[in-house]
Each structure stands twice: as C-alpha cells, then as structure tokens.
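Me: Please take a close look at a single part of this structure and describe it in one connected answer. I would like the reasoning spelled out wherever a classification depends on a cut-off.

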Amino acid sequence: MCERHRGPCWGGRGLRRRPQCVLGSVVPAYGGNSASAPQASRSYRYLTTKEHFHEFLEAKGQEKPSQETEAGDPAGNDLAEPEAKRIRLEDGQTEDGQTEEAVEPREQPQAQKRARGQNKCRPHVKPTHYDKNRLCPSLVQESAAKCFYGDRCRFLHDVGRYLETKPADLGPHCVLFETFGRCPYGVTCRFAGAHLGPEGQNLVKEGLAQAPPVRNGLDKVLQQQLRKRKIHFKRAEQALRQLSKGQLPGPTPEATVPEVMEAEGAPGQDNCDAQQAPQGPGTVAPPSGPLRTCGPLTDEDVVRLQPCEKKRLDISGKLYLAPLTTCGNLPFRRVCKRFGADVTCGEMAVCINLLQGQTSEWALLKRHPCEDVFGVQGQSGRAPHPLPGHPPQLEGAFPDTMTKCAELLNRTIEVDFVDINVGCPIDLVYKKGGGCALMNRSAKFQQIVRGMNQVLDVPLTVKLRTGVHERVNLAHRLLPELRDWGAALVTLHGRSREQRYTRLADWRYIEQCVTAASPMPLFGNGDILSYEDANRAMQTGVAGIMIARGALLKPWLFTEIKEQRHWDISSSERLDILRDFAHYGLEHWGSDTQGVEKTRRFLLEWLSFLCRWDRGGGVGCLGEARPNPLPGAPVHRYVPVGLLERLPQRINERPPYYLGRDYLETLMASQKAADWIRISEMLLGPVPPNFVFLPKHKANAYK
C-alpha cells in the first residue's frame, strides 16, 4: 500500500497501465535510498493537482505552496490523475477504454485526431513583419558607398524617421557590443542604447576580440551559380555512370572540382584568410573550403585520394550529440558543447534544396569554431525538375542528387564527416522513398553510399533504425553491406519506424548488431537520460552513444556522464542555461527585431519539447505495456533531482503535477505556452503586439 495514494502505487503490478510514481520527498542529490530517509521527509509536499498548480502560477508566486498536499479525496479518486481521464471515466468509460453504453463509431477517431499531428495551419508571423519601417542596409552597415538601388530602394533612408517609429529597447545591455566591442546592427539593434553615441553614431569598444567567423556560409556568387545551373559535377557524373553500368566506382585520374564561372573568386585572392566576421546584417562569410584554391600545388590537388588514405573518423568512446531538427541549431549545439558534448552534427538538410541554393537550407550547415568534430546530415529528396546536367530519372533520382550534393559539399564547406539520414520516420519523407524507406531499397541505398563515398574526401556515416515495421528487424542484415560499401561508422536507433517512441529502445538488438557490424564501429542511440543509462549502453559493446532527447531535456547530461554523478541543478542555473542560449542566438541570428524574434521562436520551440501531451500507447517505467492510456494528460518530462523519490529518472515516465522548490522551478514545469512566453520575456524582453506562438505538434501544449 502506498501511503501517498492510500492504495496501490502507480508502479504496482495491479495497475499496469499507470506509470510509477517518481515524485516524493527530497533525497540526497547524488543518490540514496528513500527507505532510509527520516519519517519526517515523507511528506510528499511537492505533489499537487492541476488546478492548484495553475492557481499558484497565476498568483505569480505570491502564495506559498502548502507543505502537504493530499493525494486522494474521500471519494477515492486520485487527484493527481489527469483531468481529461477523470472526465471520460465519469461519462461512463472504463479504464480499459470501453464504454458502458454504445457510442457512435466516429466520435473516438475525432477525439484522437485532435490530439495528434502537426499544426500545419498554425498562425506564424515572420519576424520581418514586426518592423513596419525598415532601414536600408547601406545605412545600418555605415557604408561609404551609396545605396545600390537608389530611388528604387524600398527601405527607409532617413534615420530620424526610423527612430521615431522604432519600438523601445528591450534592455540596457547589448550582447554583441559587450562581447565583441561593436554591434554590426547599429541603430536597428533592439539594445541600441548601449552603443549609440549622442548623435546616433555606433560606438566601438577597443580592446575586445572580434566576432569569430561562423564557417560553412553560402557565398552569394556560388548561390547564383547554383540557381542558374552553371555548376558541373564531373566526379559525381563519372561515379554515377559506373554505378549505372553495374561497376564499382573506381579512382578518377584527377581530383576535378565542380566547374564554375571565373567570377567565383578574384585571381590571387587568399581564400584561406578571406573568411572574416560578418560586417553587418545580411552579409554571409564565404565558404571556408572554396572552389578556387591558392598557394603551391600539392599531390592532393592532382591525385585522387585512395580509400585507405582518407581521413579516418576516430570518435570511439566520445559523446555524440544527435542531429535534431528545429532544436539542434547552432546556439543549442554551443550550449551542449559547453557541457561536454564531443561530436556535433548539423540539422538534417535536404540535398535537392542545397543544390538549388536555398539560403534557409544552407544555414543548417553553419559551424561554430567551438565545434571541433562536426558533421552535416543529408536527406534525399524527390527532385521536382531535372537537376542540372542530367535528365530526369524514375523513383526520385536519389543517387545522383545525393552524389552531386556530396561533391558540392566536399569542396565548399569544412566538415569532419557527412552523415546519411536513413532513420527519418516522417511520412512526407518516407512516402517519397527517403529516410527509413531506403532500408527496403537496397539497390538505391547501395548506389547512394558508394557514390557519395567516391566523391567525398571525408568519412561517410549512416544513421539507421532497427527497421521499418515492428518485429521485422533489418539493421543486422544491412550493417555488413554498409561496411563493404564504404561506410566509416553507423549509428543505430533502437526503434523501428512504426514504433516511433511508443516502445523502449531495444538495446539487446543493438548488442547483436555490434557483432554484425564488426570491425566497423557502431554507435547506439535511444533512451539515454542519466549516466547509469549511458553505462548500461556502453556495456553492450558499442563504440559510443548518441544522445538526442536526453540532451533536449538535460543539456548538462554530458557533464553527468563524464563526471558519473547526478546533478541537482537549481532553477536559477537552468535559467542561466536558457540565458546563454538567448545570447548565442543573438550572436547567430542578430540583435535587431528579426534576430530577436527568431531567437525567441527557437527558444520557445525548445521549451515546448520539455512539455508534451501523452498521445497514448507506450510503456510504463517498469517496461510494462500501456494498452490504451487516455490522451490529454500533459507531461513535463524533466523532474529536478531533489524532488525525486528514487534515482534515476527514466525518459518514458509520466510524472504527475508538482510544485517546485521555488516559483521559477514551478514555472519551468508548466505545460502552458503562455508560461513559456513569460520565460522568454525574462531573457529577451516583452513580445511584440499580436504575438502568437503555437508549437509544431498539436500535442505539445494548450493555451
């Protein structure tokens, strides 16, 4: 009997559909047994109800939480039970999901549909819409030359008129000015009061280091060549011709580069030193690996590297931050690097968009100087029109698209490896033959791996799932073939596409795949949220572990794994992490209105991941199946260590509502989007008028 619920605990075998209770009294931050704690510590004062939780937040911390919260009522109902579940039970539905009276068959699917999917029609206001009158970039950059467009320019050229309509500053300190001594956004900066002189001039603070260049930017000249389809890919075309004839791609006599026009770079220019910090908004640093090189001629310029001469990827035993769509941006990767991540990878980029020169897609390839081991992840995509230099093909033209993209990246950006995403479960990608669908298309898969490996001078890696369908594993058969095709490393996510996150990661199967992949290194991925999870994963024999959701929930997880401890991080320390993300975002996206709101958007997307609604299905924390839990129960995944009754917390557990040790900790446990916006206002100032934020997924939050 659980003295908290006056009945069987959530983890009892009698109630297999309910997750185990994990909240309780304060325990030692680095472990300890709750059974040995004093009796006075069993007050369970952190448990609360949904109503009391939001009443406390609405009172803005004025009301102190009660020292003891009753977990049951006289009627025997569990007040910690999600309210949506209690309502449905009162309407006559049993806990098994069956109703006492007949229900129309269309009602249940409609209820499930409202809690699933993406908010594709969500209101999304672009940051540029918050600026009614925008200043001409020539004035922002304080350029000596006149505006190129002259009278046809659609931006303002009157600084005084712009300042009259400019919104008030968001704060007294400018991150760019205090860090680098100069803010390139001048009067358009939302913190301009910190670096504007009496006459509106942009001040410069001497003695500070210049902004470090962000590598792998898209050069404007290269973008024009891509859009006009004036780049030819000789190495890729040769490899594709050999593959189409059933031959293995062999070494080419010369290391040819994609041919471009002479305007690619000025003769005699030292491109190695040409990468400098952006001088102002809208300017992008040229690529660090230029198409036109300079200096003495070396063997590498004229002789193709043999496979045995390629640079090897030696990251065994290191912590690998997974490529995370939307949330795995450059500022977030900087946060994880500060806490001990060893290997980072950019967000998934679609190859066809890269070949078309889309700025938004090339932005996913940018690399910060602190990322010492960095890779990019490519995703195949169906080409809507024939690609430059080749006729259209059936089945999406994946091998030629990805091979030509690999050749382009090999000469234009600086990376340590290139990764192929064969684990994407999204329907939009899967139905076009990409992502997990490649696991069932071994012929196309082989052409992609062999073709890309032939044109790349850096190692090629692959990310897989166990298979497409549940209980039909395919990875153990593909791993030996990938080893023969030339893959340097494979990362295996221990779930199938069909499972998504409704089952625990199958580390026993990953252990079997280690033998099948040998001697090729295999990284494991799935359900790593503590150093104990990481230790158990390494016992399977994998070369290393990749961390995805655990890094989003706990960026300090890398520190916990390296120091082998549980970190009872305080709410103020967690706020400092969010503040660092905001500062990194202002450095990356800018401190003007557009940059501030873009930083706010990605901050809110990160906060929205911390709070998810239960969509039904899945497993309990003991591994038992949950046949059909009712949807609608909001879940805050991370629980502070000091509030846990037992350690460690599992990533699949669903804790009840709780009150933190202070108001800020309680605010960070909220599932309301309005509370996330309140946190963003602590870091980035008030939101613009008519600001609306709705997460990507319908199940992430409620208003």
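Reply:
**The parallel strands around β4 and β5**

V422 stands opposite L464 in strand β5, and this pair is a convenient place to enter the region, in what is a predicted model. The bridge partner of V418 in β5 is L460. These pairs belong to the contact between β4, residues 417–422, and β5, which run parallel and are joined by five bridges.

On its other pairing, β4 meets strand β3, residues 374–379, again in the parallel sense and over four bridges. Here G375 has F417 of β4 as its bridge partner. Both faces of β4 are covered, with F417, D419 and N421 buried on one side and V418, I420 and V422 buried on the other. Because six of the six residues of β4 are buried, the strand is largely enclosed by the rest of the structure.

Strand β5, residues 460–465, is likewise mostly covered, since six of its six residues fall under the 20% relative accessible area that defines buried. Its side chains also divide between two directions: L460, V462 and L464 point one way, while T461, K463 and R465 point the other, and the members of both sets are buried. The residues named above as partners of V418 and V422, L460 and L464, therefore belong to the set that also holds V462, with burial judged by the cut-off of under 20%.

Beyond β5 comes β6, residues 489–493, which runs parallel to β5 and is joined to it by five bridges. In this pairing T461 stands opposite L489 of β6. The two strands also take part in a right-handed β-α-β unit, made by β5, helix α16 (residues 475–485) and β6.

Outside these strands, some backbone details may be worth a look. T326 has a phi near 70°, a positive value in a residue other than glycine, and this threonine is placed in the loop between β1 (319–321) and α10 (330–338). With a relative accessibility of 10%, T326 counts as buried, because the limit for that class is under 20%. N690 also has a positive phi, of about 60°, although it is not a glycine. This asparagine is found in the segment after α24 (673–684), and at 72% relative accessibility it counts as exposed, because that class begins over 50%.

Cis peptide bonds form another group of such details. One of them joins S518 and P519, with omega about 5°, and P519 is found in the loop between α17 (507–517) and β7 (522–525). Another leads from L647 to P648, where omega is near -5°, and P648 is found in the loop between β10 (634–636) and α23 (663–667).

As a counterpoint to the buried strands, L139, V159 and L163 make a nonpolar surface patch of about 200 Å². L139 lies in helix α4, residues 137–140, and at 32% relative accessibility L139 counts as partly exposed. The unreviewed UniProt entry lists residues 130–160 and 173–198 under "zinc finger region: C3H1-type". For the span 173–198, the end C-alpha atoms lie 17 Å apart, and the span is 23% helix and 0% strand.

Conventions
Residues numbered from 1 in each chain as written. Predicted model: local features only at pLDDT ≥ 70, side-chain atom pairs only at ≥ 80, totals over all residues. Heavy atoms only, no water. Patch = residues over 30% accessible without salt bridge, like charges linked within 9 Å, V, L, I, M, F, W, Y side chains within 5 Å. Areas by Shrake-Rupley, 256 points an atom, 1.4 Å probe, with all protein chains shown as cover. Salt bridge = Lys/Arg side-chain N within 4 Å of Asp/Glu carboxyl O. Buried < 20%, exposed > 50% of the residue type's maximum accessible area, 1.4 Å probe, protein only. Pairing = 2+ DSSP bridges. Right-handed = clockwise from strand over helix to strand, strands pointing away. UniProt positions renumbered as here; feature names shortened; annotations may be inferred.
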